[in-house]
Amino acid sequence: MNKPVSCDIFCNVIDNYGDIGVCWRLARQLMNEHGLAVRLWVDDLSSLAKLCPEIDAALGTQQCRGVKVRHWTAEAFRAIPQSLSRPARHPLPLAGEGMGERVVADLVIEAFACKLPPGYIEAMVAQEHKTVWINLEYLSAEEWIESHHRLPSPHPSLPLTKYFFFPGFTPKTGGLLLERDLLARRDAFRNDTLQQQAFWRSVGLEMPAAETLKVSLFSYENAALPGLFDACANGTRPVLCLVPEGRILPQIRQYFDDPGPQAGSDYQRGQLHVRILPFLEQQRYDLLLWACDVNFVRGEDSFVRAQWAGRPFVWQIYPQHDEVHLKKLKAFIMLYGKQLGQPAIVALQGMWMAWNTETTSIEDGAGHSWPAFLAACGELEHHAQHWVRQLAENNLAMNLLDFDGEIGRMRALKSEG
């Protein structure tokens with residue numbers, strides 16, 4: 001079977017920008033690097049517009065950076081079954097406005113367990129050409145991921161099979177999204193003073209002095225923030241903390257007693273200088289990660305990008321009921337820390353757990369853990385760069401396409417038999 005020529009990605013926005021961030025990156029990579037005609041169905045266009053300002057949240061259909069973006073509504077699929085009076089025989093006309101003969105792509109990706117519209121599922125059954133249907137799951141470092149990756153899930157009543165595809169950090173998982181030129185662009189930025197100066201001026205600052213610790217802070221609401229800021233303010237080294245607009249702003253307001261923090265706001269307390277940035281689109285957010293010495297990230301998308309940055313980072317995992325998320329957090333710490341020395345892994349675990357656990361105890365807080373984390377940053381940076389080299393060998397987009405081809409070959413052998 002030839003490689004797929006078209007792909008539909010369905011995204012139901014739940015977790016702020018993490019899910020749509022992953023889907024938007026995947027859509028552009030499949031189009032840019034592999035030549036697929038990609039259609040991204042998303043139920044919340046305003047979230048995508050934050051990541052890509054060229055998106056018009058009021059338009060139900062639009063072309064953006066080579067990807068066809070469609071607003072996912074119930075009405076968009078209501079007429080699909082009726083349009084299929086005969087099996088489709090031609091590639092999906094993604095550039096067209098109508099639903100046409102062929103409404104189903106060669107590769108269909110259901111992101112993060114969202115449910116495909118019933119009309120679309122009926123269309124998959126009706127077409128002559130068999131689609132490869134993927135459920136792209138959430139990223140996790142838990143051991144069970146390896147045994148569940150690529151497992152089939154036959155539909156209970158229709159002649160369709162969905163396959164579970166798990167991103168991950170080991171060769172037995174689906175890997176991570178990595179553009180072909182990302183690491184080269186990162187290194188070029190870090191080796192070019194003019195690029196760095198241009199970035200700092202774009203956020204309203206001159207390039208910081210070498211002794212200044214540069215920190216990016218992208219966070220959900222977090223009770224650990226005051227302790228961290230206190231530790232930075234009372235430390236011996238100047239700290240510049242860059243905070244993109246988001247859910248942490250109410251706590252910035254409370255900490256600095258400012259009724260209206262917004263992009264451009266500056267705060268100074270002791271050794272700590274905080275600058276509020278506008279919400280950054282994906283490419284500019286990468287520059288922020290590359291420009292900083294330590295990156296605080298949240299959710300899934302920024303978590304992965306922080307790893308590609310090759311710097312020490314602190315992850316705030318999306319909180320779940322009954323603290324299920326802490327199990328996932330510990331699984332990653334265990335995997336990530338395997339090659340770290342004991343002091344470094346203790347410092348990493350202490351900081352990460354403090355950042356993800358509400359506590360009223362100063363001894364268990366982020367401020368208490370921060371000095372040890374900073375002391376370990378030399379080893380953590382060396383390890384982060386080694387970790388990148390390991391991860392880069394397992395590319396999610398390429399693995400998806402290879403799996404699509406494998407399913408196609410299995411089907412061909414079955415039909416011949």
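**A helix, a sheet and its rings**

Helix H1, residues 18-34, lies across six strands: S1 (6-11), S2 (37-42), S3, S4 (67-71), S5 (107-111) and S6 (132-136). Its direction is about 175° to that of S1. Keep in mind that this is a predicted model.

Now look at the sheet. Strands of a sheet pair through backbone hydrogen bonds, either parallel or antiparallel. Here eight strands form an open sheet, and the pairing is mixed. The order is S3-S4-S2-S1-S5-S6-S8-S7. Which strands stand at the edges? They are S3 (61-64) and S7 (152-154). Each has a single partner strand, so one side of each is left without a neighbour in the sheet. Neighbouring strands of this sheet are turned by 25° against each other on average, with direction ignored.

Take the S7 end of the sheet. S7 and S8 pair in the antiparallel sense, over three bridges. Pro 152 stands opposite Tyr 163 in S8.

Next, find Asn 135 in strand S6. Is Asn 135 buried or exposed? Its relative accessibility is 2%, so Asn 135 counts as buried; the limit for buried is under 20%. The side chain of Asn 135 makes a polar contact of 3.2 Å with the side chain of Glu 137. Asn 135 also touches residues further along the chain. Leaving aside neighbours within four places in sequence, Asn 135 is in contact with Glu 110, Phe 112 and Ala 113. Lys 162, Tyr 163, Phe 164 and Phe 165 are also in contact with Asn 135.

Phe 165 leads on to the aromatic rings. The structure holds 34 aromatic pairs. The rings of Phe 165 and Phe 403 have their centres 5.8 Å apart. Their planes meet at 50°, so the pair is tilted. This pair links distant parts of the chain. Phe 165 is in strand S8 (residues 161-165), while Phe 403 is in helix H17 (residues 396-416). The two residues are 238 residues apart. Phe 165 counts as buried because its relative accessibility is 1%. Phe 403 is buried too, with a relative accessible area of 3%.

Trp 315 and Phe 332 make another pair. Why is this pair called edge-to-face? The ring planes stand at 80°, so the pair is edge-to-face, the cut-off being over 60 degrees. The ring centres lie 5.9 Å apart. Trp 315 sits in strand S14 (residues 313-316) and Phe 332 in helix H13 (residues 324-336). This pair also links distant parts of the chain, 17 residues apart. Both Trp 315 and Phe 332 are buried.

Trp 315 and Phe 332 belong to a cluster linked by ring pairs. Its other members are Phe 169, Phe 303, Phe 313, Tyr 336, Trp 352 and Trp 387.

A ring can also have a charge over it. Arg 269 lies over the face of Tyr 255, at 4.4 Å from the ring centre.

Finish with another arginine. Arg 275 lies in strand S12, residues 272-277. Arg 275 counts as buried because its relative accessibility is 10%. Which residue joins its side chain to that of Arg 275 in a polar contact of 2.6 Å? That residue is Asp 266. With neighbours within four places in sequence left aside, Arg 275 is in contact with several residues, including Val 203, Gly 204, Leu 205, Cys 241, Leu 242 and Val 243. Gly 264, Ser 265 and Asp 266 are in contact with Arg 275 as well.

Technical notes: Residues are numbered from 1 along each chain as its sequence is written. This is a predicted model: local features need pLDDT of at least 70, side-chain atom pairs count only at pLDDT 80 or more; totals for chains, interfaces and linings use all residues. Side-chain values use heavy atoms; hydrogens and water are left out. Rings of Phe, Tyr and Trp (its six-membered ring) pair if their centres lie within 6.5 Å; planes under 30 degrees apart count as stacked, over 60 as edge-to-face and the rest as tilted. Helices (H or I, at least four residues) and strands (E, at least two) are DSSP runs, numbered from the N terminus. Buried means under 20% relative accessible area, exposed over 50%, partly exposed in between (1.4 Å probe, protein chains only). A charge sits over a ring if NZ of Lys or CZ of Arg is within 6 Å of the ring centre and within 35 degrees of the ring normal. Two strands pair if DSSP finds at least two bridges between them. Axes are lines fitted to C-alpha atoms, for helices over the stretch in contact, and angles run from 0 to 180 degrees between N-to-C directions. Contact means heavy atoms within 4.5 Å. A polar contact is a pair of N or O atoms within 3.5 Å; within protein, one must be able to donate a hydrogen and the other to accept it, and residues adjacent in sequence count only if both atoms are side-chain atoms.
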